[in-house]
Amino acid sequence: MNDNSYDAVIIGAGIIGAAIGYELAKKGRSTLNVDMLPAAGYGSTSNSCAIIRLYYSTLDGCAMAYDGYHYWKDWAAYLQAPADEPLAVFHDCGNLIMKTKLNDGLRKQLVHLDALGIDYEHWTNEQIRERYPFYDLSCFAPARTLEDPQFGEPTGGEIDGAILFRKGGYISDPQFATRNIQLAAERVGAQFRFNSKITQIPVSNGKVRGVVLEDGTRINAPVVVNVAGPHSSRINALAGADEDMNITTRALRQEVVHLPAPEGIDYSSFANVTSDSDAAVYTRPETGNNILIGSEDPPCDPHVYVDPDDYDRGFSDQWTLQAQRLGQRFPGIGIPSKPQGCVDLYDVTEDWIPIYDRSCVDGFYLAFGTSGNQFKNAPVAGKAMAELIDYCEAGGDHDKLPLQYQLEYVARKISLGTFSRLREINQDSTFSVLG
Ligand SMILES: Cc1cc2nc3c(=O)[nH]c(=O)nc-3n(C[C@H](O)[C@H](O)[C@H](O)COP(=O)(O)OP(=O)(O)OC[C@H]3O[C@@H](n4cnc5c(N)ncnc54)[C@H](O)[C@@H]3O)c2cc1C
């Protein structure tokens with residue numbers, strides 16, 4: 001290897017790109033993560049809500065999330081971190097999922113969770129009120145826009161209790177967690193290069209040859225991995241890898257709201273991560289006694305697909321809408337006139353399920369389309385992609401015989417075919433951020 005040749009170049013140093021670099025380096029490959037931003041995790045990862053939950057619409061999705069949970073539980077072991085290294089914190093506060101008409105009480109997902117032996121508890125509305133005495137449990141669905149005169153009007157009856165997963169919570173903070181992986185990767189020989197934009201991906205005889213940076217620097221590598229998040233479809237086009245994609249990706253704008261908890265409420269001392277499809281929002285405690293509010297993407301809200309290099313990072317009426325939607329459930333919450341929170345992008349596929357795959361260009365691999373729901377799976381995705389690369393580079397035909405990946409903590413194999421670029425749109429999906 002000289003300075004400009006590596007066994008593998010990973011495009012992107014977000015949480016998933018960093019995790020792939022780490023695993024490939026552990027397997028003895030010389031790796032370089034290249035990112036156009038100044039540090040690891042500065043892209044969409046930095047504004048991730050970083051919620052760790054176990055329920056997805058597919059069995060493989062649930063199994064992967066359950067495996068991922070264990071890495072966060074023992075983050076230091078995953079990183080093989082020195083005892084004095086500061087680490088991102090996993091707030092293991094559990095997830096409380098409201099049972100609503102919309103999610104059918106998670107009936108479909110619970111079948112998968114039962115198959116995996118994952119514990120959960122059914123809560124009555126009285127139990128919810130004990131923990132959240134300020135909640136109004138009326139039904140408000142279907143979700144409405146602020147212009148709708150019936151916004152905030154109860155639509156009859158109450159939600160039907162909730163499901164509590166004690167295993168789950170959130171990471172604070174996601175960018176720092178990525179920095180943790182970068183340091184772990186560097187300890188095993190991986191390299192990172194920042195402030196470097198990739199503008200060309202040379203391919204000859206159907207095989208990727210490396211990458212070229214904006215300043216003309218060429219970096220040679222027989223393996224290149226596209227982990228470019230909201231820029232993934234652009235990077236794919238540079239390599240000509242977009243020709244056979246059955247599933248595609250687009251950058252979708254998202255607003256996340258931070259509201260101060262009302263005086264006298266120490267929110268993080270008792271609150272879970274919540275998901276409330278009736279009010280169309282999810283929440284979690286946020287530092288500074290704030291409540292973070294994300295959207296569950298109800299059909300009445302337009303999907304705003306954007307150019308990832310040129311979009312509005314300011315708050316819009318969507319911010320107020322999400323705040324007021326929580327206000328239906330939590331009538332005493334004040335909504336300040338100065339909005340706080342963040343605006344960032346999901347990299348969304350048609351079925352909101354990611355792509356972890358090879359491509360039609362030999363040596364060019366795909367880990368993107370994470371659809372607002374793969375932060376939690378980054379350590380698993382890192383390992384699975386490293387195995388996939390080994391499998392394909394050794395001549396394995398992943399398109400015909402998909403790699404069966406043995407999870408680390410869960411006694412089960414998942415088919416990486418579930419995440420193929422060639423799959424049909426998965427009709428079992430929630431077609432939302434819930435995956
Ligand atoms: C608002 C929001 C909330 C979310 N909430 C959750 C959640 O609660 N739970 C969960 O599990 N997931 C969540 N997600 C999803 C999760 O954050 C992502 O799946 C994850 O961070 C993706 O990581 P990544 O490494 O693939 O991409 P990114 O972090 O986007 O990294 C891609 C990197 O590629 C670089 N890049 C792009 N093009 C080039 C180029 N030409 N040259 C060089 N570098 C390039 C970018 O600079 C960027 O740093 C959320 C996402 C968002 C935006």
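These legends accompany several close-up views of one protein, shown here as a predicted model.

**View 1. The whole protein, before we zoom in.**
Let's start with the full chain, which holds nine helices and 24 strands. Its radius of gyration is 22 Å, close to the 22 Å that the globule rule gives for 435 residues, so the protein is as compact as a globular protein of that length. Along the principal axes, the C-alpha trace spans about 65 × 45 × 45 Å. Of the 435 residues, 58% are buried. The accessible surface comes to about 17200 Å², and carbon and sulfur atoms account for 48% of that area. If you look at contacts between residues at least 6 apart in sequence, 74% of them join residues at least 24 apart. As for charge, there are 37 positive and 57 negative charges, and their mean positions lie 3 Å apart.

**View 2. Strand E18 and its two antiparallel partners, E17 and E19.**
Strand E18 covers residues 281-286, and six of its six residues are buried, so the strand is largely enclosed by the rest of the structure. Strand E17 (residues 273-276) runs antiparallel to E18 and is joined to it by three bridges. With strand E19 (residues 290-295), E18 also pairs in the antiparallel sense, this time over six bridges. Thr283 is a handy residue to find in this view: it is the bridge partner of Thr274, and it stands opposite Ile293 in E19.

**View 3. The turns before and after E18.**
Here we follow the chain into E18 and out again. The hairpin of E17 and E18 has four residues between the strands. Ala280 sits in that loop, and its phi is near 65 degrees, a positive value in a residue other than glycine. With a relative accessibility of 2%, under the 20% cut-off, Ala280 counts as buried. The hairpin of E18 and E19 has three residues between its strands, and Gly288 in the turn has a positive phi of about 80 degrees. Asn289 lies in the loop between E18 and E19 as well. Although Asn289 is not a glycine, its phi is positive, at about 55 degrees. Its relative accessibility is 30%, so Asn289 counts as partly exposed.

**View 4. Strand E22, covered on both faces.**
Five of the five residues of strand E22 (residues 364-368) are buried, so this strand is largely enclosed by the rest of the structure. One side carries Phe364, Leu366 and Phe368, the other carries Tyr365 and Ala367, and all are buried. Strand E15 (residues 223-226) runs parallel to E22, with three bridges joining the two; in this pair, Val224 stands opposite Phe364. Strand E21 (residues 355-358) runs antiparallel to E22 and is joined to it by four bridges. Asp357 has Leu366 in E22 as its bridge partner. E21 and E22 make a hairpin with five residues between them, and Gly363 in the turn has a positive phi of about 85 degrees.

**View 5. An open sheet of three strands, with a cis bond beside it in sequence.**
The strands of this open sheet come in the order E3-E8-E4, and the pairing is antiparallel. Strands E3 (51-52) and E4 (89-91) are the edge strands, each pairing on one side only. Three bridges join E4 to strand E8 (residues 169-172), and Phe90 has Ile171 in E8 as its bridge partner. A cis peptide bond joins Ser172 and Asp173, with omega at about -5 degrees. Asp173 itself is in the loop between E8 and helix H6 (174-187).

**View 6. The cis bond at Pro142.**
Ala141 and Pro142 are joined by a cis peptide bond, with omega at about 5 degrees. Pro142 is in the loop between helix H5 (125-131) and strand E7 (162-165).

**View 7. Ala13 and its surroundings.**
Ala13 lies in the loop between strand E1 (8-11) and helix H1 (15-26). Its relative accessible area is 1%, so Ala13 is buried. Leaving aside residues up to four places away in sequence, Ala13 touches Ala18, Asn33, Val34, Asp35, Ala40, Gly41, Thr178, Phe192 and Phe194. To link this view back to strand E19, note that the C-alpha atoms of Ala13 and Gly294 are separated by 24 Å, with their positions 281 residues apart along the chain.

Technical notes
Residues numbered from 1 in each chain as written. Predicted model: local features only at pLDDT ≥ 70, side-chain atom pairs only at ≥ 80, totals over all residues. Heavy atoms only, no water. Rg over C-alpha atoms; globule rule 2.2 N^0.38 Å. Buried < 20%, exposed > 50% of the residue type's maximum accessible area, 1.4 Å probe, protein only. Contact = heavy atoms within 4.5 Å. Areas by Shrake-Rupley, 256 points an atom, 1.4 Å probe, with all protein chains shown as cover. Lys, Arg positive; Asp, Glu negative; His and termini not counted. Charge placed at Lys NZ, Arg CZ, Asp CG, Glu CD. Pairing = 2+ DSSP bridges.
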